[in-house]
Amino acid sequence: MLHEHHFSSSPEPPGSPCSSESSIQNFIPKLPPSPGDYFVQVQKDRIFRVPPPQNSRRMAIYTRRASSRRRRTCLRCLAWTAAPILLLAAALAVLYLLFLPQKPVYSITALSIAGFNASSSSSSLSPTFLATVHAENPNQKIGLSYLNGGDVSVSFAGVSLCRGDWPAFFQRRRNLTLFQVPMTGAGTRLSSAMRQQLEAAQRRR
């Protein structure tokens, strides 16, 4: 009885040079590349210094979008800033139209002077003035409140002669008030030219 034998190419014997090289390569571990600087060379014909047309179109679209977004942000900031100012202006306009404020009017109806003689030989003056003031409040809806701290002064050619305190009171709307303000001065020194001017004004009363 005959047996069929299947012959296959058997691996090369262990001693052959090919088998030894392949086995050595299989058992050598692959180490990671060592750290350091690497230089990559690119051919000049592969370097594009000008972007392709589609990139420039996209860049233009992005630029327009960014500029429009910045404009909207600036307009929003301006609106938030201008809104309080406009509201305040509108409120002031309403108040002005509602009350129609007017300036008070003052006049001196009488004035008495004592201790003031420009022709005297004294080098200093100590005058006393008593002024009768007529104060008018023409406003129909606004009263005026005069607080402490106001003052009245008399001066001639820029030189202060005397001063007094403005009285504190409340003046109703559409009101006329008469009050007197005493004013005193002490040690006022005048030059010869100013003394001559005062003498002339005193003669003219």
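This briefing covers the fold, the aromatic cluster, the salt bridge and one strand residue of a protein chain. The model is predicted. The chain has 205 residues. Three helices and nine strands make up its secondary structure elements. A UniProt annotation places a transmembrane region at residues 77-99.

**Overall fold**

- The order of elements from the N terminus is α-α-β-β-β-β-β-β-β-β-β-α. Two helices thus precede the strands, and one helix follows them.
- Of all 205 residues, 17% count as buried.
- The accessible surface of the chain is about 17,400 Å². Carbon and sulfur atoms hold 60% of that surface.
- Among contacts with a separation of 6 or more, 66% join residues 24 or more positions apart.

**The annotated segment**

- The "transmembrane region" label for residues 77-99 comes from an unreviewed UniProt entry.
- In the model, residues 77-99 are 100% helix and 0% strand.
- The C-alpha atoms at the two ends of this stretch are 34 Å apart.

**The aromatic cluster**

- Five aromatic pairs are counted in the structure.
- Tyr106 and Trp166 form an edge-to-face pair, because their ring planes stand at 90 degrees, over the 60-degree cut-off. Their ring centres are 5.5 Å apart.
- This pair links distant parts of the chain, with the two positions 60 residues apart in numbering. Tyr106 lies in strand β1, residues 105-114. Trp166 sits in the loop between β6 (159-165) and β7 (169-171).
- The two partners differ in exposure. Tyr106 is partly exposed, at 38% relative accessibility. Trp166 is buried, with a relative accessible area of 17%.
- Trp166 also pairs with Tyr146, and here the ring centres are 5.9 Å apart. The planes meet at 40 degrees, so this pair is tilted.
- Tyr146 belongs to strand β4, residues 144-146. It is 20 residues from Trp166 in the chain, and this pair too links distant parts.
- Tyr146 and Trp166 are both buried.
- One aromatic cluster takes in Tyr106, Tyr146, Trp166, Phe169 and Phe179.

**The salt bridge**

- The structure holds one salt bridge.
- Its partners are the side chains of Asp165 and Arg163, with an N to O distance of 3.4 Å.
- Asp165 is exposed, because its relative accessibility of 55% is over the 50% cut-off.
- Arg163 is partly exposed, at 43% relative accessibility.

**Glu136 and its surroundings**

- Glu136 is part of strand β3, which spans residues 128-137.
- Its relative accessible area is 30%, so Glu136 counts as partly exposed.
- Leaving aside residues up to four places away in sequence, Glu136 touches Pro104, Val105, Gln171, Asn175 and Leu176.
- Ser107 is 29 residues from Glu136 in sequence. In space, their C-alpha atoms are 8.8 Å apart.

Conventions:
Residues are numbered from 1 along each chain as its sequence is written. This is a predicted model: local features need pLDDT of at least 70, side-chain atom pairs count only at pLDDT 80 or more; totals for chains, interfaces and linings use all residues. Side-chain values use heavy atoms; hydrogens and water are left out. Rings of Phe, Tyr and Trp (its six-membered ring) pair if their centres lie within 6.5 Å; planes under 30 degrees apart count as stacked, over 60 as edge-to-face and the rest as tilted. Helices (H or I, at least four residues) and strands (E, at least two) are DSSP runs, numbered from the N terminus. Buried means under 20% relative accessible area, exposed over 50%, partly exposed in between (1.4 Å probe, protein chains only). UniProt positions are given in the numbering used here, feature names are shortened, and annotations may be inferred rather than shown by experiment. A salt bridge is a side-chain nitrogen of Lys or Arg within 4 Å of a carboxyl oxygen of Asp or Glu. Contact means heavy atoms within 4.5 Å. Accessible areas come from the Shrake-Rupley method with a 1.4 Å probe; for residues, only the protein chains shown count as cover.
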